Structure formats: C-alpha cells, structure tokens
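Please read the account below alongside the sequence and the model. It moves from the surface to the helix packing and then to the charged pairs.

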Amino acid sequence: MEENKVNLRKIWKKNARQVIKTHYILLLLVCVVLMYYGTEFGYVKANSQNIYQTITQQEIHRGPVALKGVNSGSGAEEESTMSLVLGDLFRGDAEAGREKAEEQLQDYADRQNTNAVAGRKNGIFAGIANTVSSGRLFLILYDGLNSILKDSRKASVLVIVLNVLLNVVIWVFIKNLLSAVARRMYLEARLYEQVPVSHVLHFKLVRKWAKASLTMLTAYVLESLWWITIVGGAVKHYSYRMVPFIVAEDPDIGPLASITLSRKMMYGHKWECFKLDMSFLLWHMLGLFTLGITDYLWTGLYEIGTFSEYYAYLREQAKASGVEGAERLDDVYLFQKAEEQLLRQTYSDVEEQKHFIDEHRVTLEGKRGFFARNFGIWIGSTEEKKMYDEVDTRRQQIVEDRAVIKGRIYPQRLNPLRVESNNNIVKNIRYIRTYTIWSVILTFFAFAFVGWCWEVGLHVIADGAFVNRGVLHGPWLPIYGGGVTLIVVLLARWRSDPPAELVSIVLLCGFVEYFTSLFLEMTKGMRWWDYTGYFLNINGRICAEGLMVFAIGGMAAVYIVVPILDALWSRVDRKILVPVCIILLTVFIADLIYSGRVPNVGEGITDYVAYTEVEDTGRDISLPGGAG
C-alpha cells in the first residue's frame, strides 16, 4: 500500500514537471505574484527579506561610514516604523509620529547602499517606497484631513480607519484570492497547451469574484482561530487544504459548503498530504542556500503543480466514493478534453463569423493601407472604421476559437458558470486596431494630463507641496502624451509581437527622453531633470529605472489603456469630438508659444531637491519624467 502511495507521488511530481516545462513563463509569473503578494509561501518571503538584508549589510559595511543599527533596512523594522507612526496619530501626538518618520527618512538618505539591487536611496520607486514605509504618507493624509476638518483627533481617527479599510479591501479581494487564481491557471495548464493570460480574470468572467473572495476569507479566518489551539490549527490546515482548488473549479459553491467539502475530501488523507509536503523539504533547504532564488524559479511552481495533480486525484476519489457535495465539482472540461464534435457544435458560429468577415471585408489600398499597416492610423469615415474594427475583432476571436476546437485552449463556453454577456469584455481591450486622428489627439492629451497629475502627486507625497511640473504652464506634460502617441503610431507594426514591442518601446522612449533633455538644455540653458547617480544612466539624461517605468507604462498603454480609451472616444459624436480636439490643440499651441518666451521655472521645477538629498554632496536627486 505504502509503495503504491510512493509511486503515486512520483507520478504527480512527474506530471507537474511536465506541465511546468510546457507553461514555464506563464506559471512563473503567476507563482512569483502569489509568493510576493499572496498569503502563501511565507518561507519564500523570509528568504527574500534575508536577501535584501544581506545586500544592505554588505553595502553599508563597504561604505566609508558605518551606520548605527545595521539592520535598519529590514522589512520588519520599516513595518514597525509605520505602526509606530499610526500609533502616535491614534494617540493624537502627530509631532512624535513626524519625528519618527523623519528619522526613518534620514536613515534612508544616509545609507551607503547606492549600488544595492534593492537600493532605497535614489529614484522614483525608492521615493515612493520610503514615503510609505516611513509612515510619512499617513502624516500627509493626516495634515490634509486636519486642514479640512479643523479637528486633529478626527483626522487621526480617519487616517487609521482609511488605512485599515484599504488594507482589508486589498487583502480580501486581491491578495487572499491569488491562491485560487493561481490554482485555476495551473488546473487549465495541466490539460491544455495554451492558457490565455485573460483567464487570470476567470472569477470576473463568471461573475463570482466576491463570492470566491468570501470563501477564501472564511477559510482563512476559521483556520486562524483553530491555530489558537495549535494542534487544532495543524489539523485544520490539512482539512482546509483543498479549498483554493474547490474555489478555482467552482466559486459558486459558497464558503461553508467549500470548507465542508474540503474536509470530506481530506478525510483519511491528511497524513498522506503531510508526507507530500515533506517530500519538498530538500527543495526548501536548497532555497535557504540559494537565498530564495530556487524558491522563486522552481520550488514554488513545482509544489503548486504537484498539489494540482493531487487535487485531481482526490476529486476523482471523492466522486467515485460518492462524497456528499462532490457532485457540485462539475467543471468537467477542466479535467478532460471535450470531444471535437461537441466543441464544433458549441463553437459553430466560427464559420458564421468567417462568412461575416468575407462579406464585410474592408480593403485598404494606397495611402489608407499604408497608414493603417505601418502606423495604425485610420483614414476614412467613422462608420467604415467601425465595420473594419468589427471585422478585425471577429478575426482575432476566430483564431482563439479555432484553438479551442482543436483542444488546445480550455473551452470557456462549456463552463457551467459561463455568463453570455461577458463575451464582450475583451472587445474594448482588443489591441490590434486602427485609430482615427481625433482618437490619437485625445489620447495624447489624456496621457499628458495623467502624466502631469502623476508628477504633481509625487511631489505632494514626497514634500506635501503642490508643484506645477513641466516647462509648460498648462496641466499637461507632453513627454507622457507624446511618448504614448509615438509608441502607438510608430510601433504599430510590432504590436502583434509583445517582446519586440517591449524592446522597441525602451529604445524609442530612451531616444526621445535623451534628445528632449539635450534640446531643452541647449535652448533654455537648464535641465528639467537629472538622473546623475542613478543606476545605468547616460549623461544624467536617461537611466534604466526611468526606461523601465516607460516600458511598463508603454506596454500597459498599448495593450490595455489606449484600446479602452479609443472605445470611449468612438462613442462620442463626431460633431462634439472634432471641436473639442481643435480647442485643446489651440490652447496647447498657445501655451507652447507663451512658454517658449516665458518657460515655467522656479522652486520645485528646475531646482527641485527631494528629501533624499545627500547632504555631503548637495546633489540634486530629482524625480524622472519631469520634461515638459
């Protein structure tokens, strides 16, 4: 009997390894997010903190001046500082909290770990992280509420309440649900060759996000209460082990029913599950020696993959033995592929869609074809563009549907919880599309305004003061709007190849930012931003961190935000759309002309020094992206 169990473990692990090899990149991303932000794999987080602490200590000791309290960079102490500041606010002693926050910020500024991988001295990410971890963000919020309410006690209480509510909402509806999301992706990956990234939103597609979150929350709370008895916690840990998988398969079962079903499925299997856990002990020990690297790159994936196989085994056993509630686990095609005939019948509209495409095909020739193919710009009537976009949308859907029919992708239409109306969710984020000139103009101004809000907001967070960033006087930063517009237009040919698009975005944004900085310095005689001292910077004009921000933002813009904005612009009547674009362009051009003679300069714009300034050098550490 024991030999059979050992053989089963080998089979589960072998199957898990095969699944991981087939879907490594996708599952790695899912698992890294789960490890870093989820409620599992505490040992991985501990190893990550050890990595950070080790690097920090090494870099501090290399520096010319040894700091007091070498461990001051640990995540635990930073969290302690936040808690202390919140405690002072709750007691009504804001000044004591302010002193603690400023001491922590000064500690960040004094650190010598400028070359550390997780450096906390220079850069936009360091500024945001330091402001939050020091508790200064809470003080800024307190000051704002206090100025409105004119009551420091009420302001303190509101800060505490808002902080608690925000953390609860994020934990319940995002972090705690990540376990079930990851299981869903693994269960699809174990059977199908392709798993679309959009399936991460499975609970949204079946409209069960809230119910799934409630189930995961209930299981977590009950297990936590059982841990008070220690032994009871250990037992219930294994009793509730299948809850994330049950939620992944059918989030509609509900909290108590899911927990009860998990208990019944695990009855007589707890010791077996414990031994399966112990079979990864050597892998976890290896993680200690590699400072957590193997945990992220392999062990976490391997463990979830193995337990996905284990869940499939227990599910089959429960159904065969007639376990009460197991009949509700009815997502059949998550565990066996549907017959091709059924798939063709379910997706019979594929041929109809093909006929629609053939009948309504819009042929683009000459200049129209040139601009559409090379720049993604539509020249022609709005009605014709709508038809072109509809045809293109259906064409892309046909590609995925045909993969489903061939059994390479999980058939969403055969999901018992499928909601018909949700088939239109992907239409607004269809990224292979053309844009009208009016859509491009409005998108430019939208991102220019958001960029302005972003940089103004950063200064409000960092210094508690409003600063009108940029060389222009209006509420826009053209480098953001222009950057996104150039990415959408000039890189249209690479849009169907995301890796190529990513590389192109980095090169394009680096070129634009570098020569914008050079042009402004040559024509205006001053710099609006300086990356000197940043990791991998070129003449202080561009740096790796800034380009990474642009790359991430650019990819999000191209594949998500701009398509959604275009869908919104297309709903606006052309009689309104055109005048709005003309007015915005007129005001913007006027601002360009005026700012050319009287540029926006002064405190916080061309001479801004953040709180992380190094006193011994007096070097300006500005935030990236400040170009107008």
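Helices, as the word is used here, are DSSP runs of H or I with at least four residues, numbered from the N terminus. The model is a predicted one, and with that convention in hand its surface can be taken up at helix 16, residues 281–289, which gives the most to a nonpolar patch, with 6 residues. The patch is formed by Met278, Leu281, Leu282, Trp283, Met285, Leu286 and Phe289, which together have about 720 Å² of accessible area. Met285, one of these residues, is found in helix 16 and is partly exposed, with a relative accessible area of 39%.

The chain as a whole gives the setting for this patch. It has 26 helices and 2 strands, and buried residues make up 49% of its 628 residues. The accessible surface of the chain comes to about 31,100 Å², and 64% of that surface belongs to carbon and sulfur atoms. Among the contacts with a separation of 6 or more, 75% are accounted for by residues 24 or more positions apart.

Turning to the packing of individual helices, one may start with helix 5 (residues 94–110) and helix 7 (residues 136–149), whose axes come within 9 Å and cross at roughly 140°. On the side of helix 5 the contact is made by Ala94, Gly97, Arg98, Ala101, Glu102 and Leu105, and on the side of helix 7 by Arg136, Leu139, Tyr142 and Asp143. The crossing in which helix 5 passes helix 7 is left-handed.

Each of these two helices also holds a buried residue that can be followed to another part of the chain. Tyr108 lies in helix 5 and is buried, with a relative accessible area of 0%; its C-alpha atom is separated by 7.4 Å from that of Asn130, although the two residues are 22 residues apart along the chain. Leu145 lies in helix 7, and since its relative accessible area is 17%, it too counts as buried. The C-alpha atoms of Leu145 and Ala155, which are 10 residues apart along the chain, are separated by 5.3 Å. When residues up to four places away in sequence are not counted, Leu145 touches Lys150, Ala155, Leu158, Val159 and Leu162.

Further along the chain, which residues of helix 12 are buried? In this helix, residues 231–239, they are Gly232, Gly233, Lys236, Tyr238 and Ser239. The buried residues of helix 12 pack against three helices, namely helix 11 (209–226), helix 14 (255–266) and helix 15 (270–278).

The charged pairs add another set of links, and a search of the whole structure finds 16 salt bridges. One of them joins Asp252 to Lys208, with the closest N and O atoms 3.0 Å apart. Asp252 lies in the loop between helix 13 (243–249) and helix 14, whereas Lys208 lies in the loop between helix 10 (202–205) and helix 11, so the pair ties together parts that are 44 residues apart in sequence. Asp252 itself is partly exposed, with a relative accessible area of 22%.

A second salt bridge is formed by Arg413 and Asp401, whose closest N and O atoms are 3.8 Å apart. Here Arg413 is in the loop between helix 21 (382–405) and helix 22 (437–463), while Asp401 is in helix 21, and the partners are 12 residues apart. Which of them is buried, and which partly exposed? Arg413 is partly exposed, with a relative accessible area of 21%, whereas Asp401, at 6% relative accessibility, counts as buried.

In a third case the side chains of Arg541 and Glu521 meet in a salt bridge with an N to O distance of 2.9 Å. Because Arg541 lies in the loop between strand 1 (537–538) and strand 2 (542–543) and Glu521 in helix 24 (residues 498–524), this pair ties together parts that are 20 residues apart in sequence. Arg541 is buried, with a relative accessible area of 8%, whereas Glu521 is partly exposed, with a relative accessible area of 28%. Finally, Arg184, Glu188 and Asp331 are joined into one network by salt bridges that share partners.

Note on methods: Residues numbered from 1 in each chain as written. Predicted model: local features only at pLDDT ≥ 70, side-chain atom pairs only at ≥ 80, totals over all residues. Heavy atoms only, no water. Buried < 20%, exposed > 50% of the residue type's maximum accessible area, 1.4 Å probe, protein only. Contact = heavy atoms within 4.5 Å. Patch = residues over 30% accessible without salt bridge, like charges linked within 9 Å, V, L, I, M, F, W, Y side chains within 5 Å. Areas by Shrake-Rupley, 256 points an atom, 1.4 Å probe, with all protein chains shown as cover. Salt bridge = Lys/Arg side-chain N within 4 Å of Asp/Glu carboxyl O. Axes fitted to C-alpha atoms, helices over the stretch in contact; angles between N-to-C directions. Left-handed = near helix turned anticlockwise from the far one by under 90°.
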